[in-house]
Amino acid sequence: MIQSLDSNPDLGQKMHQWARELWPINRSLSGPGVRQTLEFLKQQMPNLQIQGIPTGTTCFDWTVPAEWEIRDAYILNEKGEKILDFKKNNLHVVGYSTAIDRKMTLEQLQSHLHSLPEQPTAIPYVTSYYSSRWGFCLSHQQRQSLMPGLYHVVIDSTHRQGALTYGELRIPGRTEKEILLSTYVCHPSMANNELSGPVVTTALAQWIAANQDREFSYRILFLPETIGSIAYLSRHLDEMKKNTVAGFVVTCVGDERCHSFMPSREGQTLADRAGLHVLKYLDPQFKKYSFLQRGSDERQYCSPRADLPVASLMRSKYAEFPEYHTSLDDLNFVTPRGLAGGFEALQRAIFIIENNGFPEVQVTCEPQLGKRGLYPTVSAKGSADSVRTMMNLIAYSDGSRDLIEIADLIGASALELIPITKKLTEHNLLKFENHRATSRK
Amino acid sequence: MIQSLDSNPDLGQKMHQWARELWPINRSLSGPGVRQTLEFLKQQMPNLQIQGIPTGTTCFDWTVPAEWEIRDAYILNEKGEKILDFKKNNLHVVGYSTAIDRKMTLEQLQSHLHSLPEQPTAIPYVTSYYSSRWGFCLSHQQRQSLMPGLYHVVIDSTHRQGALTYGELRIPGRTEKEILLSTYVCHPSMANNELSGPVVTTALAQWIAANQDREFSYRILFLPETIGSIAYLSRHLDEMKKNTVAGFVVTCVGDERCHSFMPSREGQTLADRAGLHVLKYLDPQFKKYSFLQRGSDERQYCSPRADLPVASLMRSKYAEFPEYHTSLDDLNFVTPRGLAGGFEALQRAIFIIENNGFPEVQVTCEPQLGKRGLYPTVSAKGSADSVRTMMNLIAYSDGSRDLIEIADLIGASALELIPITKKLTEHNLLKFENHRATSRK
Amino acid sequence: MIQSLDSNPDLGQKMHQWARELWPINRSLSGPGVRQTLEFLKQQMPNLQIQGIPTGTTCFDWTVPAEWEIRDAYILNEKGEKILDFKKNNLHVVGYSTAIDRKMTLEQLQSHLHSLPEQPTAIPYVTSYYSSRWGFCLSHQQRQSLMPGLYHVVIDSTHRQGALTYGELRIPGRTEKEILLSTYVCHPSMANNELSGPVVTTALAQWIAANQDREFSYRILFLPETIGSIAYLSRHLDEMKKNTVAGFVVTCVGDERCHSFMPSREGQTLADRAGLHVLKYLDPQFKKYSFLQRGSDERQYCSPRADLPVASLMRSKYAEFPEYHTSLDDLNFVTPRGLAGGFEALQRAIFIIENNGFPEVQVTCEPQLGKRGLYPTVSAKGSADSVRTMMNLIAYSDGSRDLIEIADLIGASALELIPITKKLTEHNLLKFENHRATSRK
């Protein structure tokens, strides 16, 4: 199992730097922005495989849509001034907008404009993947300043046969059983509800790959939300159902507000149990949502026929923070410290799953710890607590409970129990069965 | 399954009118009053079978008692004035009183009088089925006005070999599995704790019979309380244990106070789940009682060896409202509106059971609702909620949960889910298994 | 089953008298004090078997330690005055102290002295069983009054090959299934956290032996804490696992404060259920501890490989009352009334287990109690409640629930249900299966 939780103290800065480099790329469901993004990530993870599924491919109930490429988009006023310019902010164009090059009155234009009266300085993020339309997004302030007149509207975009592109990184472990990490790469300049996901996932992948003693194999996915996970599942569901012991959708892991938890559909899987246990100690004020408030790829992974054990450990949950899906979800809102906290929660959950197992005491009655030097030799502050924790761990190590359940029962952090378990196993006081074919719930 | 919840908007008035016609009939455990009552009901339900079980028949631990017939009863004062007259109010005589024709002092009479000091204007309702005695009931006000003197007491009654009479209506459905409705016809002029039961049950029977698409068969019983259900069970228990999926004792369903719920003994049967679900939406302030507070025929239906899934959806529960078992439980206390509300609760519970089932989604991952026109086309208020409800229904349609469980899980009314389920089934997105041989709990 | 809860009204006094006689004996893990104590108890229980396990015997992970004998111990000041004398209070010497006869300065002496700054008048109770050392215990007041100078320190003690001694009383019953009582005899002059245990256990043993109709067999143990129960289990675990239906560690049962409950490790055994039920009625304010706060021989009996159903019904729990492990835990703190209350809780728990079983009603529908005279004939206060209790007992006597579960379900004391159950069984209304091979939980 992975032995160490260590990571680079500058990791937060490093992740934030990656996010800054990815920021200007115009991502969407598909197209060159996604490929550029994946190429950048491949520099950090050379084994990342970039895959494509052709436009028009049927994936369960869905069809892979055409690729969208946008070269330019702007609106000129009567004076020929660019009052909106996609090249300055890629949120200005509704995602998947059809091409247009036409003059129209303000009145005609209005039905194609999107703004937020209640957040007058923010540019909203709007898409229209599955019905053909075009539009522009702007701040409500700017919209209100538009004068009647004739506007020249240009969107130079193409929809064409191509592919849905995603990145897949497989890291083998001691067993075929695997942990899934899934994040998305389909939003343009969004920081928390996009870039925090790929950069934290990349950092997790580097940490996992650097630890040679992996118990589990890892399947790490960077894909467009919804259609991407559906398309991926349509190719890999059988093996994933067979092997996945836990999974996490990595999203909204970059701001500094309190942590949030989205359970799996059943709510009792190993991913749920490890995630809840971690947040209880890392951020006791964390907010626990219901699966009814789901909104990312757990919608697919946890759907009845997929039924994978997938939860989310977030900072501020999508659709719940005011900056969500606006230009305010930027790299000031997402910080190095926020990213480091998002990373830490997931790292701990993975570490605990790697080191989880079913301890079973090997002596009848309490063992005599004194003769093995397992009592603390110096009576330091907390040493009585630490003996008590060890004795409680032993008392519940009956082979029927895993470490997470025992930790919750005895009121101790699993992170504290892992080294004690190792010490007791070395002294042959415990047998430790690393994982077990249990039901997912 | 029954397709419609529609019913006559004048139904409350109609039920109240039936109750007014039944009011003067002198019902008791057995005898002509019960038969008259059943004959009246048969006019509303021509297929009602009127059955008799002879006096002296052994029914489990009990014996069918003699029939009681009363022709007249009164008390004359020294002046020959009728101070109490059974013909004016049939509550004046203790039920099952033996015959008497004797003069006696007020002092001698007192031990045979029943009144309620704390409700001085009410005449109590008193019976003595299983020990021979006679008595009169009167208001405490009247009792206190009685002058010393000689009174002439007359009860012209007979106990004789006869039969215990009850009504049985069987309405066949698509399956042999059946729903039980049981109500009682053994109290004289009592409105909530008697007549509300038979009239609401009659209205339910007419609604059920008018719906040709019944999934379940129905067994609808009108019988004297306790001995009636015991006697009936002694003849039909095996088939009822085999077929009953849910049952309701219909009692106290006519006043306008809040609804009440009496669970089955185990508390988790389909009758309990449907009933609780209905009241949660129909009357969120409803009062949930414990089976320890039982008092009607669920005492027999839920006894350990019968163990049928029978609950009660009431308005004001017997023994809990001040008018109970007094002349105040009359047709002012029971109203058309109260009866309509009592009917509605039971109708909804039956409708939900008829339309209940185990939905199982037929696609992997979320279905694409847009291409099927299942997204609302106009973005009306509430349409997002309605899509969310549909998606939540699909998310939990894993074939292991019935509609009531899903409704409770996703915080939606089953009545709202039923049409959605039908629409999704028509689009082949759901398979719907109508009922399942599950354990009763 | 045991038919009667009667016991000697002077029992509290009698137990307190035994405690006074046992008080001066210098008990420790092993040695003459333990044997003297057991010889005294054998006078009250002639069938008590006194057993020994030789020094050096391996018992699971432990080894039986050498016997400790102490003949004298004192400290002389420069004037030759005995400032501490073991013969006056056996707490003055650290248990298992090695021998010494030496003069030393106060400074040298200090590291061998034990006192309690926060309880300045109390002498602490200190032992050092598994590492060789010597020491004296004294009040902090006395310690602070010691003048610099030369002290003559004498401990005349021996550690030698011998035996671990314990007492075992087996009382046969109708079945081999047994109830375990275990108490300890290894503390010197401690009243609640020692003598209350053996004297209450002795009184329980006398009450059990006096009742000929025992359903269960009894295994009653008087042994040194920890090593004693480990050693005993190493010889008897297989038969105990096979036969034990419930067990209690009898400790801290002598003061007058509120009752306390220590569950078994799993918390749902028959011992837990009976114990909790008793305390709910005997002392509704009782304090329920968690198994994480364990501290006596349930640590061994409930360890994963032993996994016996053992709980504790205490007055003030060890380590939770300020007098604990000091000279203040004396026979003023423990009183006749306190002991009687400790006895009563355990007696009731045993009585309920003896009379527990699975009642199953023998008629379908409610039985007719009237014809059997089971309705109260006089309508005394509370008689309606008593009929209701009887009907509720019958309603849940479905053969799947034991009497304790039914009592908790219907809100009645099992002590109240036991005679009703007997009466109904005599009338053939109930069949009563006395005990059942159920899982321990």
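Start the tour at Arg35(C), which is partly exposed, with a relative accessible area of 28%. The model on screen is a predicted one, and each stop below is a selection to make in it.

**Stop one: a helix and a strand in chain C**

With Arg35(C) still selected, add Glu67(C), and the two side chains can be seen to meet in a salt bridge, at 2.9 Å from N to O. Glu67(C) belongs to strand β4 (residues 67-76) of chain C while Arg35(C) sits in helix α2 (residues 32-44) of chain C, so this pair ties together parts that are 32 residues apart in sequence. In contrast to the partly exposed arginine, Glu67(C) has a relative accessibility of 3% and counts as buried.

**Stop two: a network across chains A and B**

Next select Arg265(A), Glu266(A) and Asp307(A) together with Asp398(B), Arg401(B) and Glu405(B), which are joined into one network by salt bridges that share partners. Within this group, zoom in on Arg401(B) and Glu405(B), whose side chains meet in a salt bridge with N and O 3.5 Å apart. Arg401(B) is buried, its relative accessible area being 9%, whereas Glu405(B), at 33% relative accessibility, counts as partly exposed.

**Stop three: two strands of chain A**

Move to Glu168(A) and Arg219(A), a salt bridge in which the closest N and O atoms are 4.0 Å apart. The glutamate lies in strand β10 (residues 163-171) of chain A and the arginine in strand β12 (residues 217-223) of chain A, so that parts 51 residues apart in sequence are tied together by the pair. Both ends of this bridge can be checked for burial: Glu168(A) counts as buried at 7% relative accessibility, and Arg219(A) is buried with a relative accessible area of 0%. Over all chains, the count of salt bridges comes to 85.

**Stop four: where chain B meets chain C**

Now display chains B and C and select the residues on either side of their interface, where 19 residues of chain B are in contact with 21 residues of chain C. Between them the two chains bury about 1,800 Å², of which 45% is on carbon and sulfur atoms. On the chain B side, highlight Asp61(B), Leu292(B) and Arg305(B), the residues that lose the most area to chain C and that together account for 38% of what that side buries.

Turning to the polar side of the same interface, the count between chain B and chain C is five salt bridges, and there are 17 residue pairs in polar contact, counting those with both residues at pLDDT 80 or more. A salt bridge to inspect here is that between the side chains of Glu266(B) and Arg401(C), with an N to O distance of 3.0 Å. Colouring chain B by secondary structure then helps to place the surface, as α6 (227-243) and α8 (298-301) of chain B each supply at least two residues of the side that touches chain C. Of the elements of chain B, α6(B) gives the most to that side, with three residues. Sorted by class, the side of chain B that touches chain C has 10 nonpolar, three polar and six charged residues.

**Stop five: Asp297(B)**

From α8, step back to Asp297(B), which is found in the loop between β15 (287-288) and α8 of chain B. Asp297(B) counts as buried, at 0% relative accessibility. Once its neighbours within four places in sequence are set aside, Asp297(B) is in contact with Ser182(B), Tyr184(B), Leu223(B), Glu225(B), Thr226(B), Ser229(B) and Val249(B). Among these, select Ser229(B), whose side chain makes a polar contact of 2.8 Å with the side chain of Asp297(B). A C-alpha distance drawn from Asp297(B) to Gly228(B) gives 8.9 Å, although the two are 69 residues apart in sequence.

**Stop six: the cysteines**

Finally, select the cysteines and show their sulfur atoms: a search of the whole structure finds zero disulfides over all chains. Cys302(A) is in no disulfide, and the nearest cysteine sulfur, that of Cys365(B), is 11 Å away. Cys302(A) counts as buried, with 1% relative accessibility. In chain B, Cys137(B) has its closest cysteine sulfur in Cys186(B), and the separation of 16 Å is too far for a bond. Cys137(B) is likewise buried, its relative accessible area being 0%.

Note on methods. Residues are numbered from 1 along each chain as its sequence is written. Chains are lettered from A and ligands numbered from 1 in the order in which they are written. This is a predicted model: local features need pLDDT of at least 70, side-chain atom pairs count only at pLDDT 80 or more; totals for chains, interfaces and linings use all residues. Side-chain values use heavy atoms; hydrogens and water are left out. A disulfide is a pair of cysteine sulfur atoms within 2.5 Å. Buried means under 20% relative accessible area, exposed over 50%, partly exposed in between (1.4 Å probe, protein chains only). Contact means heavy atoms within 4.5 Å. Buried area is the accessible area (1.4 Å probe) that two parts lose on being put together, summed over both. A polar contact is a pair of N or O atoms within 3.5 Å; within protein, one must be able to donate a hydrogen and the other to accept it, and residues adjacent in sequence count only if both atoms are side-chain atoms. Helices (H or I, at least four residues) and strands (E, at least two) are DSSP runs, numbered from the N terminus. Ala, Val, Leu, Ile, Met, Phe, Trp, Tyr, Cys and Pro count as nonpolar, Asp, Glu, Lys and Arg as charged, and the others, Gly among them, as polar.
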